[in-house]
Amino acid sequence: TNVYTRPEYRNKGIGSELMKRAMQWAEKEGLELLIVSPGEGSLSFYSRAGFSEETDFMQLRLKEY
């Protein structure tokens, strides 16, 4: 439900690349929705990836039905 990058590797695009690949895989597999449970420090990371705050969880809708 979350992505974690060790502090010494942050701000190098590693987490963003991992998220991009996870999202590509999810779309390829036909998944409808991705859900994460972010901490305060990761809200902006998930927001930049396209997730929205609709509940206590953030979600990214991959397909509209």
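Among contacts between residues at least 6 apart in sequence, 54% join residues that are at least 24 apart in the protein. The model from which this figure is computed is a predicted one, and the chain it describes contains two helices and three strands, which follow one another along the sequence in the pattern α-β-α-β-β. The points below take up the overall form, one buried aromatic residue and the salt bridges in turn.

**Overall form and surface**

- For 65 residues a compact globule would have a radius of gyration near 11 Å, and the 12 Å found for the protein agrees with that expectation.
- Taken along the principal axes, the box filled by the C-alpha atoms of the protein comes to roughly 40 × 25 × 15 Å.
- Of the 65 residues, 25% count as buried, while the protein exposes about 5,000 Å², a surface of which carbon and sulfur atoms supply 49%.
- The protein carries 9 positive and 10 negative side chains, and the centres of these two sets lie 10 Å apart.

**Phenylalanine 45 and its surroundings**

- Phenylalanine 45 is part of helix 2, which spans residues 43-48.
- Because its relative accessibility is 17%, and the cut-off for burial is under 20%, phenylalanine 45 counts as buried.
- When residues up to four places away in sequence are left out of the count, phenylalanine 45 touches Val3, Gly15, Ser16 and Met19.
- Phenylalanine 45 and proline 7 stand 38 residues apart along the chain, and their C-alpha atoms are separated by 14 Å.

**Salt bridges**

- Side chains of opposite charge can pair when their charged atoms come close.
- The structure holds four salt bridges, including the pairs described in the following points.
- Near the start of the numbering, the side chains of glutamate 8 and arginine 6 meet in a salt bridge with an N to O distance of 3.3 Å; glutamate 8 is partly exposed, with a relative accessible area of 48%, and arginine 6 also counts as partly exposed, at 47% relative accessibility.
- In helix 1, the side chains of arginine 21 and glutamate 17 meet in a salt bridge of 2.8 Å, N to O; because the two residues are four apart in this helix (residues 14-28), they are separated by about one helical turn.
- Arginine 21 counts as exposed at 55% relative accessibility, whereas glutamate 17, at 29%, counts as partly exposed.
- Glu17 and Arg21 also belong, together with Lys20, to a network of residues linked by salt bridges.
- Glutamate 32 forms a salt bridge with arginine 61, in which the closest N and O atoms are 3.0 Å apart; this pair links distant parts of the chain, since glutamate 32 sits in the loop between helix 1 and strand 1 (33-36) and arginine 61 sits in strand 3 (residues 58-61), with their positions 29 residues apart in the numbering.
- Both ends of this link count as partly exposed, glutamate 32 at 36% relative accessibility and arginine 61 at 37%.

Terms used
Residues numbered from 1 in each chain as written. Predicted model: local features only at pLDDT ≥ 70, side-chain atom pairs only at ≥ 80, totals over all residues. Heavy atoms only, no water. Rg over C-alpha atoms; globule rule 2.2 N^0.38 Å. Buried < 20%, exposed > 50% of the residue type's maximum accessible area, 1.4 Å probe, protein only. Contact = heavy atoms within 4.5 Å. Areas by Shrake-Rupley, 256 points an atom, 1.4 Å probe, with all protein chains shown as cover. Lys, Arg positive; Asp, Glu negative; His and termini not counted. Charge placed at Lys NZ, Arg CZ, Asp CG, Glu CD.
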